[in-house]
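Here is a short tour for anyone who likes to know a protein's strands before going to the bench. Have the structure open and follow along.

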Amino acid sequence: ALRVTDEDGFISLRPSGNLSTLNAVAAACVTRLHTFAAPLSQDDLIRRRKAPLTPQQDRLLVEWGYPWVLDQFRFHFSLTGPTSDMDALTHDCLFQASINHFGALAPCPFQHLSLFIEPTPGADFRFVQQMELRG
């Protein structure tokens, strides 16, 4: 099931329970599909390094193009942008509204993987294909 959380400076939906299968699929996507990814540009590298990265996250950034993959990955659906600049009342209202709206979600089985592309940097992502996962 997905639950509303307030972690890492933003409000999000995160799965609960055993995440080993989800994390294994995510790692396989990163490692097995990396040949299809565009190379990380120097501008992207500089932009990503503005965030406070650990040495491990910097290695992942250089190798895979993103610092929060493999052992640093935490599946989530962001509901807000950064909450660090919000006053406490706004933050609490958004968090409570998120719980009120999403709090009663039914279990969400992980049965499909969807492929999207970003035609040009900054463009809207376009749906390409959805594949059923078979155990």
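The report below looks at a few strands and at a patch on the surface of this predicted model.

## An enclosed strand

Let us begin with β2, which spans residues 10–15. Of its 6 residues, 6 are buried, so the strand is largely enclosed by the rest of the structure. If you look at one side of β2, you will find Phe10, Ser12 and Arg14, while Ile11, Leu13 and Pro15 sit on the other. These residues are all buried, and both faces of the strand are thus covered.

## The partners of β2

Strand β1 (residues 2–7) runs antiparallel to β2, and 6 bridges join the two. Together they make a hairpin with 2 residues between the strands. In that turn, Asp8 has a positive phi of about 60 degrees.

β2 also pairs with strand β3 (residues 77–78), again in the antiparallel sense, through 2 bridges. Ser12 is a handy residue to click on here: its bridge partner in β3 is Ser78, and Ser12 is itself the bridge partner of Thr5. Ser12 is also one of the buried residues of β2.

## A nonpolar patch on the surface

Now turn to the outside of the model. Leu115, Ile117, Val128 and Met131 form a nonpolar patch there, and together they have about 280 Å² of accessible area. Two strands, β4 (112–117) and β5 (126–132), each supply at least two of the patch residues.

Val128 belongs to β5. Is Val128 buried or exposed? Its relative accessible area is 42%, so Val128 counts as partly exposed, a class that lies between the cut-offs of 20% and 50%.

How values were computed
Residues numbered from 1 in each chain as written. Predicted model: local features only at pLDDT ≥ 70, side-chain atom pairs only at ≥ 80, totals over all residues. Heavy atoms only, no water. Patch = residues over 30% accessible without salt bridge, like charges linked within 9 Å, V, L, I, M, F, W, Y side chains within 5 Å. Areas by Shrake-Rupley, 256 points an atom, 1.4 Å probe, with all protein chains shown as cover. Salt bridge = Lys/Arg side-chain N within 4 Å of Asp/Glu carboxyl O. Helix = DSSP H or I, 4+ residues; strand = E, 2+ residues; numbered from the N terminus. Buried < 20%, exposed > 50% of the residue type's maximum accessible area, 1.4 Å probe, protein only. Pairing = 2+ DSSP bridges.
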